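Welcome! Let us walk through this structure together, one part after another.

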Amino acid sequence: MKEVVGLHCGMFLCPNRWTDRLPPETLRPDREEAVGRFWDLLALTPEGCAHLTGCCPRCRVLLLPGNCRMMGMADTVITYGLSSRDSLTLSSLEEPVLCIQRTLPRPGGAAIEPQEIPLPPLPEPAEQLLPLLGLWLLQMPLT
């Protein structure tokens, strides 16, 4: 499977320390751009979700915290967090394992089947990196 190229992908309120870890061509939109354009994939950090309360970003795939109550106009909403209800979670925190709870559609049309992916050593706690891990998972081939 090839890398998703030419799609509008972004992370709203991406921490500055993640900038060099974002997938290629991922944008860091401001609030106006986040709600003013159509996104193939838009990820919201917990802070981003809080700042967009009352707004409706338009997306093919919206990745957001499971406890976020924001409504978007998305074909698919994928939640991340530590709840068993979240689509993307961790099955272990000590030796982080990314757990895909259900089939997830990628913006380019392919799907990711439920599975567990052991993670390498990470620069921050895995639970804090879930939106970043989700972006990579939805945009890049599983290797």
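A good place to begin is a single pairing: Leu88 has Ile100 in strand 6 as its bridge partner. Before going further, please note that this is a predicted model, in which local features need pLDDT of at least 70 and side-chain atom pairs count only at pLDDT 80 or more, while totals for chains, interfaces and linings use all residues. Residues are numbered from 1 along each chain as its sequence is written, and side-chain values use heavy atoms, with hydrogens and water left out.

Strands here are DSSP runs (E, at least two residues), as are helices (H or I, at least four), and both are numbered from the N terminus. Two strands count as paired if DSSP finds at least two bridges between them. Strand 5 (residues 88-92) and strand 6 (residues 97-100) meet this with four bridges, in the antiparallel sense. Another bridge into strand 6 joins Ser92 to Val97. Four residues lie between strand 5 and strand 6, and the two strands form a hairpin.

Strand 6 also has a partner in strand 9 (residues 115-118), again antiparallel and over four bridges. Here Ile100 turns up once more, with Gln115 of strand 9 as its bridge partner.

Where do the side chains of strand 6 point? Val97 and Cys99 point one way, Leu98 and Ile100 the other, and all are buried (under 20% relative accessible area, with over 50% called exposed and values in between partly exposed, using a 1.4 Å probe and protein chains only). In a regular strand, side chains alternate between the two faces of the sheet.

Next, look at Arg106, in the loop between strand 7 (104-105) and strand 8 (111-112). Why does Arg106 count as buried? Because its relative accessible area is 6%. Arg106 has no salt bridge, meaning a side-chain nitrogen of Lys or Arg within 4 Å of a carboxyl oxygen of Asp or Glu. The nearest side chain of opposite charge, Glu113, is 9.9 Å away; Lys and Arg count as positive and Asp and Glu as negative, while His and the chain ends are not counted. What does lie 3.3 Å from a polar atom of the Arg106 side chain is the backbone oxygen of Leu137.

Leu137 leads us to helix 3 (residues 130-139), which is mostly covered, with nine of its ten residues buried. Among them are Leu130, Pro131, Gly134, Leu137 and Gln139.

Methods: A polar contact is a pair of N or O atoms within 3.5 Å; within protein, one must be able to donate a hydrogen and the other to accept it, and residues adjacent in sequence count only if both atoms are side-chain atoms.
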